[in-house]
Amino acid sequence: SPVQFRGADLLQSVVDILAETGLAPGLLELEVTEGAVMENSAATIAVLQALRRHGVRIALDDFGTGFASLTHLLSFPVDVIKIDKSFIHSLHQGNADELVRGLISLAHVLKLEVTAEGVEEPHQHDALLSMQCDRGQGYLYARPGPATDLDSLPPPDKRTNLTAVGTNA
């Protein structure tokens with residue numbers, strides 16, 4: 001959150017937690033909103049860059065609905081963009097498919113991964129798969145729940161390259 005970025009201890013807290021838990025930094029993906037980055041962009045970008053140097057992955061959440069222009073994709077230190085669910089819910093309506101396909105293509109050209117938020121219907125999954133989206137997140141895959149429920153989730157579908165990522169568990 002913007003409040004966490006204003007504090008001086010976010011980077012050290014993350015580093016300490018990684019050390020305490022033994023979690024490999026590349027397995028941790030922190031989500032930031034465009035608004036959080038824009039609020040104090042120079043300081044926030046410095047923290048994000050430091051987190052990435054430690055191996056932590058950064059995802060830009062709700063992409064396409066916030067304040068950032070496309071030029072910010074070049075300056076924000078991110079690994080993943082998360083396409084907002086409003087675009088995914090609009091698939092097969094008007095030009096939404098072309099817009100989502102374009103966002104995915106743009107991200108891939110910039111060597112960014114793409115997560116589609118709000119995947120709730122099989123047709124959305126199928127469309128995103130055909131567009132070469134990297135990951136999907138939404139009720140189609142799982143409902144939010146405690147981490148203890150993760151073991152009971154079905155394994156990923158090996159026939160596709162669209163990986164489901166957990167919701168806010």
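Accessible areas here come from the Shrake-Rupley method with a 1.4 Å probe. On that basis, the protein chain of this predicted model exposes about 9,500 Å², and carbon and sulfur atoms supply 55% of that area. Of the 169 residues in the chain, 37% count as buried.

The overall layout comes next. The protein chain contains eight helices and six strands. Read from the N terminus on, these elements follow the order α-α-β-α-α-β-α-β-α-α-β-α-β-β. Among contacts in the chain with a separation of 6 or more, 61% are made by residues 24 or more positions apart.

Salt bridges give some concrete examples of links across the sequence. The count comes to eight salt bridges. One of them joins Glu 29 and Arg 57, with the closest N and O atoms 3.3 Å apart. This pair links distant parts of the chain, since Glu 29 belongs to strand S1 (residues 29-33) and Arg 57 to strand S2 (residues 57-63), 28 residues apart. Glu 29 has a relative accessible area of 25%, so this residue is partly exposed.

A second salt bridge is formed by the side chains of Arg 52 and Asp 79, at 2.9 Å from N to O. Arg 52 sits in helix H4 (residues 41-53), while Asp 79 sits in the loop between helix H5 (72-75) and strand S3 (80-83); the pair therefore ties together parts that are 27 residues apart in sequence. How buried or exposed are the two partners, Arg 52 and Asp 79? With a relative accessible area of 35%, Arg 52 is partly exposed. Asp 79 counts as buried because its relative accessibility is 15%, and buried means under 20%.

A third pair consists of Lys 82 and Glu 117, whose closest N and O atoms are 3.5 Å apart. Lys 82 is in strand S3 and Glu 117 in strand S4 (residues 113-117), so this salt bridge ties together parts that are 35 residues apart in sequence. Both Lys 82 and Glu 117 are buried. Salt bridges can also share partners: Glu 29, Arg 57, Glu 113 and Arg 135 are joined in this way into one network.

Helix H8 (residues 122-130) offers a good look at how a helix can face its neighbours. Which residues of H8 are buried? They are Gln 124, His 125, Ala 127 and Leu 128. Seen down the axis of H8, these buried residues fall within an arc of 165°, and so they line one face of the helix. A general point helps here: an α-helix has 3.6 residues a turn, so residues three or four places apart point the same way. The buried residues of H8 pack against H6, H7 and S4.

Finally, the backbone has a few spots worth a visit. Most residues other than glycine have a negative phi. His 92, although not a glycine, has a positive phi of about 70°; this residue is found in the loop between helix H6 (85-89) and helix H7 (96-109). Lys 111 is not a glycine either, and its phi is positive at about 65°. Lys 111 lies in the loop between H7 and S4, and this residue counts as exposed because its relative accessibility is 72%. Gln 132, which follows H8, also has a positive phi, near 65°.

Conventions: Residues are numbered from 1 along each chain as its sequence is written. This is a predicted model: local features need pLDDT of at least 70, side-chain atom pairs count only at pLDDT 80 or more; totals for chains, interfaces and linings use all residues. Side-chain values use heavy atoms; hydrogens and water are left out. Helices (H or I, at least four residues) and strands (E, at least two) are DSSP runs, numbered from the N terminus. Buried means under 20% relative accessible area, exposed over 50%, partly exposed in between (1.4 Å probe, protein chains only). Contact means heavy atoms within 4.5 Å. A salt bridge is a side-chain nitrogen of Lys or Arg within 4 Å of a carboxyl oxygen of Asp or Glu. The arc is that of the directions from the helix axis to the C-beta atoms.
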